[in-house]
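User: I would like to go through this model with you and ask, for each descriptive word, what justifies it.

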Amino acid sequence: MAAIAANMAKPEPVTHVIFDMDGLLLDTETLYTEAVSTVSKRYGKNYTWEIKVKCMGKTFSEAAAVIIDELGLPLTIEEYKEQIEEEYQKVFLKTELLPGVEKLVRHLYKKNVPMAVATSSNKFSFDLKTKKHQDFFKLFGHIVLGSNDPEIKQGKPAPDTFLVCCSRFSDKPSPNKVLVFEDSPIGVEAAVAAGMQVVMIPDPRVDPSFFEKATVVLNSMLDFRPEMFGLPPFEDS
């Protein structure tokens, strides 16, 4: 079955779509793990899944603070930033789109469904991760970078990232007409707090207890059917 979980709320029709990026559009989570593990091993520390899940969806500074604190790294956030950005330059140019992503985004673009990206990434890592996918990212009306945007006062799980992103659609939709795609538990919380419906496509290791706030939870973007939320169906479905 495509849906691995769903809450009791019935999906309602939407007009606009916002996508998270890391682990949702782009297969970056293993690359993040590789980069952070390289830095942490310099200090004899092990970057575990338990720590990683606390960082997913957070802004750069918030995630860095968690890593430094949890691992007891003898670094300031600025010192950590300097080291991790060196590793990012090695790994992020390998970033690939996740299965089903390009088909959905190109379909929605063709059908004139307004789309945007709302990511907690900063511009430095965003530019690296999207370097070989620039044509793909031009399909989005706008992109919000949570770690750099001055209008975002609090990162996820606060609703700021999604509300700011929503406000930048030219026709200013009501949040309840916006569908968010997320992979992280705090991203789902942020979208729900913003008054939006959420399709969650989690890492298989995420505890199912985090699924209950999502409207629908899927194994993969390949399982998504746009008509469930009143969006134009795929022409081959």
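Analyst: In this predicted model, the protein chain has a secondary structure of 9 helices and 7 strands.

User: What makes the protein chain as compact as a globular protein of that length?

Analyst: The radius of gyration of the protein chain is 17 Å, and the globule rule gives 18 Å for 237 residues; the two values are close, so the chain counts as being as compact as a globular protein of that length. Along the principal axes, the C-alpha atoms fill a box of roughly 50 × 35 × 35 Å. Of the contacts with a separation of 6 or more, 69% are between residues 24 or more positions apart, and buried residues account for 52% of the 237 residues.

User: Why is α1 called oblique to α4?

Analyst: Helix α1 (residues 29–41) packs on helix α4 (residues 77–91) at an angle of about 135°, with the axes 9 Å apart. Roughly perpendicular covers 65 to 115 degrees and roughly antiparallel begins over 145, so the angle of about 135° falls in neither class and α1 is oblique to α4. The crossing of α1 past α4 is right-handed. On the α1 side the contact is made by Leu31, Tyr32, Glu34, Ala35, Val36, Thr38 and Val39, and on the α4 side by Tyr80, Gln83, Ile84, Glu87, Tyr88 and Val91. Sorted by class, this contact of α1 with α4 contains 9 nonpolar, 2 polar and 2 charged residues.

User: How do you know that α3 and α4 are roughly perpendicular to each other?

Analyst: The axes of helix α3 (residues 60–71) and α4 cross at roughly 105° and come within 10 Å. Because angles of 65 to 115 degrees count as roughly perpendicular, α3 and α4 are therefore given that description. Phe60, Ser61, Ala64, Ala65, Ile67 and Ile68 of α3 make this contact with Ile77, Tyr80, Lys81, Ile84 and Tyr88 of α4. By class, the contact of α3 with α4 has 9 nonpolar, 1 polar and 1 charged residues.

User: What makes helix α8 mostly covered?

Analyst: A residue is buried when its relative accessible area is under 20%, and 6 of the 8 residues of helix α8 (residues 160–167) are buried, so the helix is described as mostly covered. The buried residues of α8 are Asp160, Thr161, Phe162, Val164, Cys165 and Cys166.

User: Which elements do the buried residues of α8 pack against?

Analyst: The buried residues of α8 pack against the strands β2 (16–19), β3 (115–119), β4 (142–145) and β5 (178–182), and also against helix α9 (185–193).

Note on methods
Residues numbered from 1 in each chain as written. Predicted model: local features only at pLDDT ≥ 70, side-chain atom pairs only at ≥ 80, totals over all residues. Heavy atoms only, no water. Buried < 20%, exposed > 50% of the residue type's maximum accessible area, 1.4 Å probe, protein only. Helix = DSSP H or I, 4+ residues; strand = E, 2+ residues; numbered from the N terminus. Contact = heavy atoms within 4.5 Å. Axes fitted to C-alpha atoms, helices over the stretch in contact; angles between N-to-C directions. Parallel < 35°, antiparallel > 145°, perpendicular 65-115°, else oblique. Left-handed = near helix turned anticlockwise from the far one by under 90°. Nonpolar A, V, L, I, M, F, W, Y, C, P; charged D, E, K, R; others polar. Rg over C-alpha atoms; globule rule 2.2 N^0.38 Å.
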